[in-house]
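Work through the exercises below with the sequence and coordinates open. Each task is followed by a stepwise solution.

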There are 2 protein chains.
Amino acid sequence: MSPCLSTNASLHYHAAHTPGATHPVSILIVGTLAFDCIETPHGQAEDVFGGSASFSSYVATFFGQPRLVAIVGEDFPDHFRRILSDRGVDLAGVHTREGGKTFRWRGRYHTNMNDRDTLEVHLNVLGEFDPKVPESFRDSKHVFLANLTPAVQLKALEQLQKPTLVMADTMDLWIETARDDLLKLFPKLDVLLLNDSEARLFTGQDDLVKAGRKVLALGSRAVIIKKGEHGAMLFDQHGIAVLPAFPTDTVVDPTGAGDSFAAGILGYLSTQPAVTPLSMRQAMGYGAVVASFCVEDYGLDRLTRTERSEIDTRWHRYREMLALE
Amino acid sequence: MSPCLSTNASLHYHAAHTPGATHPVSILIVGTLAFDCIETPHGQAEDVFGGSASFSSYVATFFGQPRLVAIVGEDFPDHFRRILSDRGVDLAGVHTREGGKTFRWRGRYHTNMNDRDTLEVHLNVLGEFDPKVPESFRDSKHVFLANLTPAVQLKALEQLQKPTLVMADTMDLWIETARDDLLKLFPKLDVLLLNDSEARLFTGQDDLVKAGRKVLALGSRAVIIKKGEHGAMLFDQHGIAVLPAFPTDTVVDPTGAGDSFAAGILGYLSTQPAVTPLSMRQAMGYGAVVASFCVEDYGLDRLTRTERSEIDTRWHRYREMLALE
């Protein structure tokens with residue numbers, strides 16, 4: 001059977017931004033801020049700034065003005081906060097829980113630097129996260145619901161007036177423990193992101209083309225399966241598009257690559273007049289590029305040294321690498 | 001460190017064909033003809049037509065006039081022979097060994113349809129293969145040395161007058177047992193193909209970007225690392241290009257996909273006025289497309305039902321899928 005691939009044919013996504021709106025468009029991110037401890041075959045790092053919202057909100061600053069909804073404990077350091085605020089991230093939605101401790105995660109990467117084991121998780125304040133979207137954020141049009149329980153993702157989404165482009169990430173734990181909530185969430189999404197093993201887990205299909213189609217049938221307008229160093233696959237009504245990762249030989253810490261990828265996609269789309277098959281592929285290319293910076297050092301370290309001009313240089317190389325005419 | 005990617009800059013490959021030569025250009029293939037027994041989680045097939053030269057010479061007929069050098073036993077069936085000769089493959093170099101038996105291979109694919117175990121190998125006549133390139137084949141310009149011992153590959157190559165584009169495949173067994181011969185072979189190659197696990201095995205590098213660079217430093221003008229369903233990476237003096245596989249949801253038997261990919265590359269390049277970074281990427285795209293047909297049925301079954309127009313249709317879709325402007 002011949003597969004059907006993405007073309008530049010008719011478009012049925014939401015508009016990326018309201019025609020006539022002034023740039024930059026606001027980007028709302030709901031996710032986690034964390035202390036990460038990273039172990040790899042080549043080295044380790046303790047208590048670096050991590051969490052899905054740190055990577056994604058930082059990356060989003062390359063494209064627009066992100067607004068952040070998250071929860072931290074009293075131990076959350078000012079210099080972590082400043083990494084984001086100095087870049088213009090609006091932290092009005094970051095709640096500091098009195099007497100609470102910030103979320104902590106410890107992971108160990110396998111030799112392939114793709115697979116990892118979670119060694120420790122301390123949910124701490126995240127266990128009681130009841131997201132409050134500030135009044136000033138409720139008109140946000142571009143939304144990334146980074147990895148959180150689908151119930152929390154839904155709660156945040158319900159508080160928004162009229163978002164035009166909603167993306168969400170998920171993880172194996174919610175697929176195993178909160179499937180019903182995920183099934184409520186998916187139809188509300190423009191883009192659902194999940195990784196290859198999660199797509200297989202969710203569908204029981206080893207073949208990723210079949211798995212992607214099955215997940216798409218659950219209601220989101222598009223599904224993106226992330227394959228780490230092997231790139232990503234887009235499934236939508238136009239078919240399938242597979243795009244490679246941007247090759248880098250400096251893979252120090254893959255943590256946050258998926259969130260950077262997601263924020264690169266959303267950030268780029270927020271600058272475009274419409275979401276079309278072409279702008280979606282371009283967005284995935286920008287996502288691949290920002291993810292390639294993310295992995296080149298621990299935590300946010302490489303991203304905080306990245307200039308927008310470097311992103312444009314790699315984007316130019318990425319386009320050249322895939323040019324077939 | 002920022003990687004260097006392929007551009008359309010200066011070219012230092014051999015010319016793809018002699019200027020002014022009449023088309024189609026001859027393509028010489030040296031490889032194996034075999035009986036394959038295939039086991040997958042979804043089914044199995046006994047005694048199908050296999051071997052590196054069956055897939056690659058069949059695929060080459062979509063682009064030019066392949067000439068084949070191989071050895072078979074007296075048990076090699078006429079209907080296998082006719083599958084190739086009916087498509088115009090010149091079988092003058094296929095030697096039938098009196099009293100001998102044809103090479104046999106039995107393999108079992110894992111659930112992911114990417115990894116496989118070799119269950120049985122009966123080299124039979126292949127164990128005494130001393131390739132004789134017929135006089136009429138010695139002017140061949142485009143050469144694919146499909147998987148054989150590097151000593152046999154070298155012996156075949158030495159008999160050619162002045163090939164302009166030489167590609168070779170190899171495998172883990174030769175990396176482990178015939179490393180010195182491989183090191184003699186590589187500098188004589190325009191393109192060396194090997195798969196991801198073989199590149200890691202050869203270099204001791206888990207990171208494929210680093211592994212590819214290390215293999216390139218051993219003397220071939222280009223290295224292509226095959227990643228199965230995840231596509232392929234090209235390493236040459238221009239840098240790195242990573243291209244995805246063509247997505248198909250009908251993966252019945254991956255055997256021969258690598259040989260089809262190789263023959264698609266060589267076949268396409270044989271039709272081009274020069275090997276440039278652009279024509280190399282296009283060739284890899286054609287390789288991905290023909291490989292996608294190969295895997296859709298056992299052995300050569302899907303390829304023998306493939307029309308050239310189907311190849312062009314998927315090539316068109318592949319280009320659309322990767323179009324970024």
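**Exercise 1.** Through which surface do the copies meet, and how are the two copies related?

Solution. Of the interface residues of chain A, 100% are also interface residues in chain B, so the copies meet through the same surface (contact: heavy atoms within 4.5 Å). Next, a rotation of 180 degrees with 0.0 Å of shift along its axis places chain A on chain B at an RMSD of 0.0 Å, by least squares on the C-alpha atoms of residues with pLDDT of at least 70 in both. The two copies are thus related as by a two-fold rotation axis.

The model is predicted: local features need pLDDT of at least 70, side-chain atom pairs count only at pLDDT 80 or more, and totals for chains, interfaces and linings use all residues. Residues are numbered from 1 along each chain as its sequence is written, chains are lettered from A in the order in which they are written, and side-chain values use heavy atoms, leaving out hydrogens and water.

**Exercise 2.** Find which residues of α10(B) are buried (under 20% relative accessible area, 1.4 Å probe, protein chains only) and what covers them.

Solution. The buried residues are B:I311, B:R314, B:W315, B:Y318, B:M321 and B:L322. They cover an arc of only 120 degrees around the axis, which puts them on the same side of α10(B). Their cover includes β13, α9 and α10 of chain A, together with β13 and α9 of chain B.

**Exercise 3.** Identify the residue that caps the N-terminal end of α7(A).

Solution. The cap is A:D207, with a side-chain oxygen 2.8 Å from the backbone nitrogen of A:V209.

Notes. Buried means under 20% relative accessible area, exposed over 50%, partly exposed in between (1.4 Å probe, protein chains only). Helices (H or I, at least four residues) and strands (E, at least two) are DSSP runs, numbered from the N terminus. The arc is that of the directions from the helix axis to the C-beta atoms. A polar contact is a pair of N or O atoms within 3.5 Å; within protein, one must be able to donate a hydrogen and the other to accept it, and residues adjacent in sequence count only if both atoms are side-chain atoms.
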